[in-house]
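This report looks at one part of a protein fold, then at its core, its chain contact and two loop residues. Please keep the sequence and the structure in view while reading.

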Amino acid sequence: MSALIDSLGRILALVQKELLAVLKDRKSRYSVLVPPILQILIFGYAATYDLNYVPYAVLDQDRSAASRDLLARFDGTGIFQRVTNLDNASEIAKTIDDQKALLVIQIGQDFSRELALGQPAAIQLIADGRNSNTAAIASGYVATIVDAFNADWLADHGQTGPPIATTMRAWFNPELETRWHMIPSIIGTIVMIMTMNFAAMSVARERENGTFDQLLVTPIRPAEIMIGKAVPAMLIGLLQATMILLVAQLWFRIPFQGSVLTLYAGLTLFLIAAVGIGLFVSSIAGTMQQAMIYGFVVIMPFALLSGLTTPIDNMPLAFQYLTLINPLRYAITIAQRVYLEGAGIGVLIPDLWPMAIIAAVTLSAATWMFRHKVA
Amino acid sequence: MSATSGLAAKLRRIRALVRKESWQIVRDPSSVAIGVIMPVMLILLFGFALSLDVTNVPVAVVLENPTPAATDLAAGFRLSPYFDAHYTTSMEAARTMMLDRTVDGIVRIRPDFARHLALGDAQVQIIVHGGDANRARLIEAYAQGAIAQWAARRGSAGEPVTTGPVVVQSRIWFNEANDSHYFLVPGLIVMVMTLIGAFLTTMVMAREWERGTLEALFVTPVRVDEILWSKTLPYFALGMIGLALCFLAAKFLFYVPFRGSLWVLTGASMLYLLVALGIGLFISSAVKSQLVASQLAFVATFLPALMLSGFIFDLRSTPLAVQAIADVFPARYFVSLLQTVFLAGNIWPVVLPEAGILLGMMLVLLALNRFVTRKKLA
C-alpha cells in the first residue's frame, strides 16, 4: 500500500516538473496555447471544397433574349462573377490559360433558333482543369442552373418536363456544408500533431541534455517515467482540444447533436494513443531533431490516411487496412458522428477499442525501450 | 591581390563548414528519414492512396415495388462504375444501412413509380449522407447522371422520353480525364520541398544556439554570411534530389502530363527551395529553442503547405482574410506555378508574377536572416 503511495508521489512530482517546464517559459507557453486557436480559425475557413466564387467569361454569339435570360441566371447566383465578355472563340484559350476565368460559357449563334424549334440547343462549357475537383464542382453548378432554366422554359411554353424528376436530400448536413464535417475532423488533427510532437520531444530533450540517464539511476521506475511523461502531454492535449472545441462552438457554430461527455471520452482515449505513439518515437530517438523528424514521418501518413483530405473509401484496399492502425481515423469518425449524428457511446465502441489497443501497445513498447536503450 | 586571397579564404571557410554540415546530415539517420524515406512514402501515398474521384460508392437501392420499369432503373445503378448497389425492398433496411455507414446514399424508387412514369411525372428520391459534403455532392451528381442515362436508354428503345431543351456540353481543359492525380501529384513536389527546405532546417540553428556551439563559432574568423551559406547549401542539394525523385515518379509512374519546360520547373523549384530554407533558418535563429522551433515548424511550414496553398483546398472560396494570410506563405505561389507548368505549359502571364513574388520573398528572408544571426550572445 505504501509502495503504491510512494509510486504515485514520484509520478506526481514528475508531472509537476514537466508542466512547469512547459508553462513557465513564455515562448513555450505561447507555442502550446496560441497555435491551436490560430489553426482552427484559419483552417476552419480554408479547408472547404465549397465554391463560392467562380470567375467566368462569356462568349455570346447569339445575343438573343433567350441567351441573355440564361446568362442573367448565372449572374444572379452571387457565386458566378462575370469577369469579361469575349468577342470571338480565339480569345477563349488565353482567358483560361492566364487564369482570368475558371469557366468560359460559349453560346453559339443558333442557340435561340434551335430552342424555338424544340431541337436540343447546346451551350459549350470550358473549364480550367488544373484543379479538377474545383472544375467538377463548378460544372455541377452550371448543370443545376441550366436545369432550372429548362424547367422554367418548358413551363412557360406549356410543355411537361422530363418524365423523371429527382429529389435530393442530404441527411445530417442538409446544406452540404463542407465545414460541418471538416471542423470536427480538424479538431483531432491539430491536437494529434501538437501532442504527438510534444510527447516525442519530451524524452528526447532529456536524452540530449543527459538528464535522462540521471532519471534512470533514481528510484523512479521506467513505467513511472512513462506515466509521468504521458500525463502532462495528455493534459496539454485536452487543454488544446477544449480551446479548439470552444472556437468550433462559439465562432463557427457547428451544430452539435451529441453529448460533450461522449466526445471527451473519445478524445481522451485518442490522446492516450497519440501520446503513446509520441513517447515510443521519443524512446527510439537520440536527439530532439531525430524525435521531431521521426514523429513527423509517422504523423504525415496518419494525417493523409485519416479521411481528413480525401475519403478513406476512395483508397485502395491495402491502404484502407493500413488506416486501421491510425488513431486519427477513429478520432475523426467519432467527432463527426457525435457532432452530426449525435451518436452515443454504445455505437462508437467499434471505434474506441482499436485506440485502446494502440495505446496499450505503444505505451508498453516505450516503457521497454526506456530501460533497454541508453543513448 | 588581397581581394582574391580574401575570397579564397572565404571559400575555404565555407567549404569547411559545408563539409561539417554534410557529414552531420549523412551520419544522422533522421536526415535519411526525411530526405529519402519521406519523399518515397509521399509518392506512394499521393500516387496510390489519395484520390478525390468517386468510384464504387455503396448505395442502397430501395425497390418498394419491383415492377419491370423500376427493376430496370435499379439495374442501371448496378451497371454504373460509380456505384456498388445494394438492393432492398424497405426504406427501414436502407435507413439502418445508412446509419451504420454500410452505404453512403439511398436511391428510393417508390411503389407507384411505374404508374407515374406512364403519366410523365415519376419521381426518384436520392438521399445522401452529408457527413462528407464534397463526396455527397459528387454522389448526387452521379446518381442524377445514372438516372438520366437510363431515361435516355429507354428513349432510344422506343419509349418517348424528352430531355431538357438546353444541353450543356462541357469540357475540362488540361485534365480531360478528370483525374485528381493530375493535381495531387504535382502537389507532392511542394510538400517534399517544404519538408526538406523549411521543416528540417528549423532545428539546425536552434540546436547550435541551444548547445552554445554557435557562440563558439563567433570567435573564429568565420563570418555570419558564411555560416548561413554553409547551413543552406547541403540542404539545398538534398532538396534537389527530392525534386528529381518526385518528377520522375510523376512522369513515369503516374503518367501526369508535363506540358511546360524542365528549365522553368527547375528554376521555380530552386527559388522555392531557397525561400523554404530561408523560412526554416529564420524560425530557427529567431526562437533559439529546439522545442519551440519544432512546434512552430508544423504551424509555419507544413500545415500552410498542405492547407493554405490551394493544393488540396481551392483558395478561391476562402474569405479575404484567410487569402491574405495564405499570401504570406510561399506555398500558394509555388502550387500555382507547378499546376500551370505541369498541366497547362509555360504560360508566362502566370509563371512570371509568381516567380517574381518568390524572388522577392527570398531577398527579404536573406536580409532577415543576416539580421537575426548577428554575432551577439543570446
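What unit do β1(A), helix α3 (residues 65-75) of chain A and β2(A) make? In this predicted model, the three elements form a right-handed β-α-β unit.

**The strands around β1(A)**

Strand β1 covers residues 54-60 of chain A. Of its seven residues, six are buried, so β1(A) is largely enclosed by the rest of the structure. Two strands pair with β1(A). Strand β2 (residues 80-85) of chain A runs parallel to β1(A) and is joined to it by five bridges. In this pairing A:Tyr56 stands opposite A:Arg82. Strand β3 (residues 103-107) of chain A is also parallel to β1(A), again with five bridges. Here A:Asp60 has A:Ile107 as its bridge partner. As a general point, side chains in a regular strand alternate between the two faces of the sheet.

**The nonpolar core**

The largest nonpolar core has 241 residues, and A:Tyr56 and A:Leu103 have the most contacts inside it. Helix α7(A) gives the most to this core, with 17 residues. Which residues does A:Leu103 contact, leaving aside its neighbours within four places in sequence? They are A:Val54, A:Tyr56, A:Leu125, A:Ile126, A:Ala127 and A:Ala138.

**The contact between the chains**

Chain A puts 92 residues into the contact and chain B puts in 90 residues. Several elements of chain A each supply at least two residues of the side that touches chain B, among them α2 (26-46), β4 (121-128) and α13 (327-341). The largest share of this side, 15 residues, comes from α6(A). By class, the side of chain A that touches chain B has 54 nonpolar, 28 polar and ten charged residues.

**Two loop residues with positive phi**

Most residues other than glycine have a negative phi. Two arginines of chain A have positive values, as the table shows.

| Residue | Phi | Loop in chain A | C-beta neighbours inside 10 Å |
|---|---|---|---|
| A:Arg63 | near 50° | between β1 and α3 | 11 |
| A:Arg253 | near 50° | between α9 (222-250) and α10 (260-284) | 9 |

Are these residues buried or exposed? A residue is exposed if 12 or fewer other C-beta atoms lie within 10 Å of its own. A:Arg63 has 11 such neighbours and therefore counts as exposed. A:Arg253, with 9, counts as exposed too.

How values were computed. Residues numbered from 1 in each chain as written. Chains lettered and ligands numbered in written order. Predicted model: local features only at pLDDT ≥ 70, side-chain atom pairs only at ≥ 80, totals over all residues. Contact = placed C-beta atoms within 7 Å. Helix = DSSP H or I, 4+ residues; strand = E, 2+ residues; numbered from the N terminus. Nonpolar A, V, L, I, M, F, W, Y, C, P; charged D, E, K, R; others polar. Buried ≥ 20, exposed ≤ 12 C-beta atoms within 10 Å, placed from the backbone. Pairing = 2+ DSSP bridges. Right-handed = clockwise from strand over helix to strand, strands pointing away. Core = buried A, V, L, I, M, F, W, Y, C linked by C-beta atoms within 7 Å.
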